[in-house]
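This report describes a single protein structure for a reader who has not met it before. Please look over the sequence and the model before reading on.

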Amino acid sequence: MNARDIDLATIRMWPAAIAEQHHGWFYLASGGVTGRVNAVWPLEWTGRDVNAAIDHAEAWYAARRLPPRFKLTDSAFAPADLPDRLARRGYASVMPTLVMTAPVRATNATADVILHDTLPAAFGAAIRETSKDDAEYDERLNIALRAPQPAAFALIEQDGRAVAIGMCAAAGDLAGVFLMRTAPEARRQGLARQIFRALMAKCGEWETTTAFLQVDADNAAAIALYESEGFSPLATYRFWRK
Ligand SMILES: CC(C)(COP(=O)(O)OP(=O)(O)OC[C@H]1O[C@@H](n2cnc3c(N)ncnc32)[C@H](O)[C@@H]1OP(=O)(O)O)[C@@H](O)C(=O)NCCC(=O)NCCS
């Protein structure tokens, strides 16, 4: 299992509104709010002229009124001189994100966690509460609605409201975890850990072998949770933008 396999699985499990492939690069576009679904993923290179390809990508995003962004995962981008070429054109890298993985092990889910195969309304309400505005909510909700099957949407309710959520989806041997969120007033009560274990139990039922997730490198709280559940960093990716 390498970082490129995980990037390819992420494109399937966390689907952008629009996905096209040009000269080996994936062009993803959605509402322009979050990074992964609004960037070029240059996972292989089958073209000839890299600068012309960057021109093409810039025009493709401009046509959608989006700024051009490239997502480069260490050891999984091509061609090798792409960072130098982007830097020469005024791009800089921002926001390192860790890709973490762990073997999927048999785990028991706890009784407090409610699991759904498709996105329930209460899960959508929790995305709304933890998004900064309507645009972010729309983008995240629509990605979750497009998630392929099998998928699992986990939530813990208190007083009829979802206070902790998380989802996972599978593709082949790989399972990806997304949208881990606990309402601010319900944090540090072990809710995300319960959600996480319920999702891992589901990944075990699907007979996936490796689970992965992506987390901002400065998100110490989430990294501590994932490390304590056996996850370790496999790679780092960075967005490059002007
Ligand atoms: C990350 C997040 C989901 C954790 O939710 P939570 O319900 O508070 O987590 P838990 O109470 O289950 O904590 C589990 C473990 O995570 C770690 N952790 C959680 N919050 C932490 C904090 N503020 N600082 C350090 N470690 C923390 C601890 O290891 C904790 O175990 P412990 O309490 O036994 O020490 C929550 O902080 C959140 O919603 N953050 C904003 C959204 C986000 O960043 N999501 C993750 C995206 S990848």
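His23 lies in the loop between strand E1 (18-22) and strand E2. In this predicted model, the phi angle of His23 is positive, at about 40°, although the residue is not a glycine. With 17 other C-beta atoms within 10 Å, His23 is partly exposed. Most residues other than glycine have a negative phi, and most peptide bonds are trans. The next residues to be described also concern these two features of the backbone.

**Backbone features**

Ser75 has a positive phi as well, near 65°, and is likewise not a glycine. Its place is the loop between E4 and H3. Ser75 is exposed, because 11 other C-beta atoms lie within 10 Å and a residue with 12 or fewer counts as exposed. The loop between strand E4 (69-73) and H3 also holds Pro79, and the peptide bond that leads from Ala78 to Pro79 is cis, with omega near 0°. Another cis peptide bond, with omega about 0°, joins Gln149 and Pro150. Pro150 belongs to the loop between helix H5 (134-146) and strand E7 (151-158). A positive phi, near 55°, is found at Arg65 too, a residue that follows H2.

The angles given above are set out here.

| Residue or bond | Angle | Value |
|---|---|---|
| His23 | phi | about 40° |
| Ser75 | phi | near 65° |
| Arg65 | phi | near 55° |
| Ala78 to Pro79 | omega | near 0° |
| Gln149 to Pro150 | omega | about 0° |

**Helix H2**

Helix H2 takes in residues 50-63, which makes 14 residues. At 1.5 Å a residue these should span 20 Å, and the C-alpha atoms at the two ends are indeed 20 Å apart, so the expected and modelled spans agree. Which residues of H2 are buried? They are Ala53, Ile54 and Ala57. These residues cover an arc of only 100° around the axis, and therefore they sit on the same side of H2. The other side of H2 carries the exposed residues Asn51, Ala52, Ala59, Ala62 and Ala63. The cover over the buried residues of H2 includes strand E2 (25-29), strand E3 (40-41) and helix H3 (82-88).

**The two domains**

The protein is divided into domain 1, residues 3-97, and domain 2, residues 105-208. Taken over C-alpha atoms, the centres of domain 1 and domain 2 are separated by 27 Å. Contact between them involves 14 residues of domain 1 and 15 residues of domain 2. On the domain 1 side, the residues that touch domain 2 comprise 8 nonpolar, 4 polar and 2 charged.

**Two residues of strand E5**

Thr97 and Pro103 serve as examples from strand E5, with Thr97 placed in this strand and Pro103 found in it as well, the strand running over residues 92-103. Are these residues buried or exposed? Thr97 has 20 other C-beta atoms within 10 Å and is buried, because 20 or more are required for that class. Pro103, by contrast, has 11 other C-beta atoms within 10 Å and is exposed.

The contacts of these residues reach other parts of the chain. Leaving aside residues up to four places away in sequence, Thr97 touches Gln214, Val215, Asp216, Ala217, Thr236 and Tyr237. Thr97 and Gln214 are 117 residues apart along the chain, yet their C-alpha atoms are separated by 6.5 Å. With the same exclusion, Pro103 touches Thr209 and Thr210. Pro103 and Arg36 are 67 residues apart in sequence, and their C-alpha atoms are 24 Å apart in space.

**The surroundings of the ligand**

There are 19 residues around the ligand, and those that come nearest are Thr182, Arg187, Ala192, Ala221 and Leu225. Which elements each supply at least two residues of this shell? They are strand E9 (174-182), helix H6 (191-205) and helix H7 (220-228). H7 gives the largest share, with 6 residues. Sorted by class, the shell consists of 10 nonpolar, 5 polar and 4 charged residues.

Note on methods:
Residues are numbered from 1 along each chain as its sequence is written. This is a predicted model: local features need pLDDT of at least 70, side-chain atom pairs count only at pLDDT 80 or more; totals for chains, interfaces and linings use all residues. A residue is near a molecule or strand if its C-beta atom, placed from the backbone, lies within 6 Å of it. Helices (H or I, at least four residues) and strands (E, at least two) are DSSP runs, numbered from the N terminus. Ala, Val, Leu, Ile, Met, Phe, Trp, Tyr, Cys and Pro count as nonpolar, Asp, Glu, Lys and Arg as charged, and the others, Gly among them, as polar. The expected span of a helix is 1.5 Å times one less than its number of residues. The arc is that of the directions from the helix axis to the C-beta atoms. Two residues are in contact if their C-beta atoms, placed from the backbone, lie within 7 Å. Domain bounds come from an automatic or database domain assignment.
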